[in-house]
Amino acid sequence: MNDERYGRFGALIGVAYVSNTHCRFLIYSTKNAEVLAYHELKLRQIVHNAGWLEYDPAEIWKHMQECIETAYKNLVILEISPHDIIAVGIANQRGTTVLWNKQTGQALHNAIGWSDCRCTPILKSLLHNVKHNVNYVRYRSGLPLSSCFSALKFKWLLENVPAVAKAVEEEHCLFGTLDSWLLWNLTGGVDVGVHSTDVTNAHYTALMNVSTEQWDVKLCKFFKLPLGVLPRIRSNSEIFGYIVEGPLMGVPIAGMIGEQPAALLGQLCIKAGQNVCTLDDSCFVLLNTAQQKIESENGLITGIAHKLGPTADTHFTLEGAISNAGSTVNWLRQGLRINTEINSNDNVVESLNTFIGENSMISSSCSSSMLNAECGLAAKRSETTFVPAFHGLYAPYWRYDARGIILGLTSQTTAENITQAAYEATGFQIYEVLQAFKRDTPNWDPACMQPVLTFGGEYSENSHLVQFIADIIGWMLERPQTTSPAGLGAMIAAGVTMRVVSLPYATRMYAPPTDVFSPTTTQNRRELLYRRWDYAVKKCLHWNNFETYEAGVELFAQRERDPNLPIRRSIPGSVFLTTSFALLLLASFLKNNPLN
């Protein structure tokens with residue numbers, strides 16, 4: 001796919017990548033997907049209240065400019081010609097919302113992060129109006145009603161920030177996710193900036209019709225949001241505009257894609273049935289459904305994988321979003337001051353013994369003296385179960401009112417037990433999404449649904465965590481040694497536009513070495529642990545139902561022991577209705593036929 005016009009690394013493509021923690025600019029060789037130069041800066045996360053998360057849009061733009069300049073200089077230092085950079089792609093965390101004034105170029109408020117839950121009161125009001133039907137707009141948007149999508153964030157800004165309402169009224173306001181904000185600034189900003197987005201980011205606003213891939217008037221009316229401030233929706237692979245200043249002046253922006261679909265593409269999961277899991281502070285599990293758009297009946301998102309060109313076919317996904325994964329470990333480390341590292345001998349033994357129980361494995365792993373000195377109680381699996389629903393549960397429940405819960409604490413519970421329960425919680429949530437995949441695809445050929453999950457993300461570097469997850473879900477986990485899967489996905493999207501990359505070429509040339517993690521558990525053991533998790537989730541969902549708490553717990557216990565309990569409990573009512581009807585008939589008969 002490369003020609004002699006370029007140097008030894010072939011054509012180069014830069015990627016501007018904004019995650020929920022960092023700004024990065026990476027320069028890739030399209031010849032072999034090697035990252036030749038990059039620079040990253042950490043983003044400042046602004047938290048005013050519990051559950052709120054903001055970013056400074058001006059800081060994001062300043063950081064990206066610095067990352068581009070530094071990566072460019074690093075390329076020159078390596079004696080690689082920067083003139084070989086033929087295009088730039090953009091990848092970003094979806095759902096993070098920013099509004100700005102198109103006349104001044106200034107943001108009207110801090111960008112609101114995708115996981116921010118300040119919109120919960122608005123969500124509660126909407127759900128009340130639609131009789132608590134969380135799937136009320138799913139047939140149009142492919143999404144449930146949730147505070148993690150951009151529509152409710154926009155609505156909150158419109159109702160609570162006077163500057164936003166004024167700018168909308170004066171028709172000076174522009175709406176976008178971080179891809180639109182970067183694109184508008186890179187292409188000149190005020191007067192000349194391009195105001196566009198791509199289908200994957202537009203989908204996560206909850207304002208795009210997933211079938212037409214255009215803004216939906218009825219969705220905008222439902223959320224009471226103006227249509228005129230929204231960016232133009234385009235494919236993932238086309239020329240969006242040209243950079244107007246800086247070291248990359250004149251270079252086209254040729255690709256744009258949301259972080260998780262970009263990771264699916266960058267992990268080369270391009271066939272139907274392939275799964276990818278991105279594990280950062282949050283967690284996203286995506287199933288590639290190719291050109292089949294599946295309307296989930298099991299709490300999943302009907303999403304878009306990619307559309308590699310204006311006339312290309314759209315490829316879809318089923319997606320499960322998990323709000324707390326790596327952030328749970330961060331909370332233990334920073335909030336509770338717990339050492340979350342699992343790397344000592346006794347803890348390695350504990351991880352081996354976590355799911356199998358006390359058996360010969362522990363004896364083979366420790367000598368008798370080691371068993372007493374180092375393994376001891378730590379080798380016995382804790383009964384602690386941790387559901388980290390700090391601000392609700394996402395897929396497959398979509399319950400904003402759920403709250404976190406830790407069950408099974410005893411006087412012998414240790415920090416390691418809590419850490420282990422946090423690791424397991426991520427595995428259980430991924431397992432629930434994978435089971436929902438199966439239920440949504442009952443007619444698929446089992447051959448294309450292999451029990452293999454491709455892993456990536458910041459926390460995937462923790463091998464103990466990945467092994468815990470493999471043991472929980474009972475699948476083989478593959479961890480490709482890819483520097484940045486989402487960045488690579490954006491590079492592929494831009495490369496397709498410039499005709500220097502194709503999917504067959506990428507599959508053949510970009511596949512990296514892969515680490516493999518195999519489950520060490522039995523199915524019976526996994527099912528036993530999952531039943532305890534499922535019980536904890538039920539309590540988590542009804543944690544504040546004080547009036548019926550005791551009765552609910554007792555009823556749940558009875559149902560667990562006796563699955564036919566609802567049928568038998570309905571018998572007295574049935575008998576009452578039947579006898580009452582019979583007595584009415586008898587009374588009517590006696591009235592018309594007196595005994596005397």
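**Exercise 1. The surroundings of T426**

Find which residues T426 touches in this predicted model, leaving out those up to four places away in sequence, and decide whether T426 is buried or exposed.

*Solution.*
- Step 1: Place the residue. T426 sits in helix α14, which covers residues 415-440.
- Step 2: List the contacts. Not counting residues up to four places away in sequence, T426 touches L279, A325 and I469.
- Step 3: Check the accessibility. T426 has 4% relative accessibility, and buried means under 20%, so T426 counts as buried.
- Step 4: Look along the chain. V466 is 40 residues apart from T426, and their C-alpha atoms are separated by 9.8 Å.

**Exercise 2. Strand order in the sheet with β18**

Work out the order of the 7 strands in the open sheet that contains β18, and name the strands at its edges.

*Solution.*
- Step 1: Read across the sheet. The order is β17-β18-β16-β15-β21-β22-β23, with mixed pairing.
- Step 2: Find the edges. β17 (301-306) and β23 (514-517) each have a single partner strand, so each has one side without a neighbour in the sheet.
- Step 3: Add the twist. On average, neighbouring strands of this sheet are turned by 30 degrees against each other, direction ignored.
- Step 4: Follow the pairs. β17 and β18 run antiparallel and are joined by 5 bridges, with I301 opposite E319 of β18. β16 pairs with β18 in the antiparallel sense over 7 bridges, and here V285 stands opposite G320. β15 (residues 275-279) and β16 (residues 283-290) are also antiparallel, over 5 bridges, and N275 has L287 of β16 as its bridge partner.
- Step 5: Add the helix. Helix α15 (residues 463-473) lies across β15, β21, β22 and β23, and runs at about 150 degrees to β22.

**Exercise 3. Two well-covered strands**

For β18 and β8, determine how many residues are buried and which residues point to each side.

*Solution.*
- Step 1: Count in β18 (residues 315-322). Here 8 of the 8 residues are buried, and the strand is mostly covered.
- Step 2: Separate the faces of β18. H315, T317, E319 and A321 lie on one side, F316, L318, G320 and I322 on the other, and all are buried.
- Step 3: Count in β8 (residues 173-177). Because 5 of its 5 residues are buried, β8 is largely enclosed by the rest of the structure.
- Step 4: Separate the directions in β8. C173, F175 and T177 point one way, while L174 and G176 point the other way, and all are buried.
- Step 5: Find a partner for β8. Strand β6 (residues 97-101) runs antiparallel to β8 and is joined to it by 5 bridges; the bridge partner of V98 is G176.

**Exercise 4. The sheet of 6 strands**

Describe the open sheet formed by 6 strands, from its order to the helix lying across it.

*Solution.*
- Step 1: Give the order. The strands run β3-β2-β1-β5-β14-β13, and the pairing is mixed.
- Step 2: Name the edges. β3 (35-42) and β13 (237-242) have a single partner strand each, so one side of each lacks a neighbour in the sheet.
- Step 3: State the twist. Neighbouring strands are turned by 25 degrees against each other on average, direction ignored.
- Step 4: Examine one pair. β13 and β14 (residues 252-258) pair in the antiparallel sense over 3 bridges, with G241 opposite I253.
- Step 5: Add the helix. Helix α6 (residues 178-186) lies across β1, β5, β13 and β14, at about 145 degrees to β5.

**Exercise 5. The largest pocket**

State the volume of the largest pocket, then say which residues lie nearest its centre.

*Solution.*
- Step 1: Give the volume, which is about 910 Å³.
- Step 2: Look at the lining. The largest pocket is lined by 31 residues, and those nearest its centre are Q45, D281, N324, S327 and N330.
- Step 3: Find the main contributor. Helix α10 (residues 326-335) supplies the largest share of the lining, 6 residues.

**Exercise 6. The whole protein**

Summarise the protein by its elements, its burial, its contacts and its surface.

*Solution.*
- Step 1: Count the elements. There are 20 helices and 23 strands.
- Step 2: Give the burial. Of the 596 residues, 56% are buried.
- Step 3: Turn to contacts. Among contacts with a separation of 6 or more, 71% are between residues 24 or more positions apart.
- Step 4: Finish with the surface. The protein exposes about 26200 Å², and carbon and sulfur atoms supply 53% of it.

Definitions and conventions. Residues are numbered from 1 along each chain as its sequence is written. This is a predicted model: local features need pLDDT of at least 70, side-chain atom pairs count only at pLDDT 80 or more; totals for chains, interfaces and linings use all residues. Side-chain values use heavy atoms; hydrogens and water are left out. Two strands pair if DSSP finds at least two bridges between them. Helices (H or I, at least four residues) and strands (E, at least two) are DSSP runs, numbered from the N terminus. Axes are lines fitted to C-alpha atoms, for helices over the stretch in contact, and angles run from 0 to 180 degrees between N-to-C directions. Contact means heavy atoms within 4.5 Å. Buried means under 20% relative accessible area, exposed over 50%, partly exposed in between (1.4 Å probe, protein chains only). Accessible areas come from the Shrake-Rupley method with a 1.4 Å probe; for residues, only the protein chains shown count as cover. On a 1 Å grid over the protein atoms alone, a cavity is a set of points where a 1.4 Å probe fits but cannot get out, and a pocket is an open set with protein on both sides within 12 Å along at least five of seven lines; lining residues have an atom within 4 Å of a point. Grid points are joined across faces, edges and corners, and a volume is the space filled by probe spheres set on the points.
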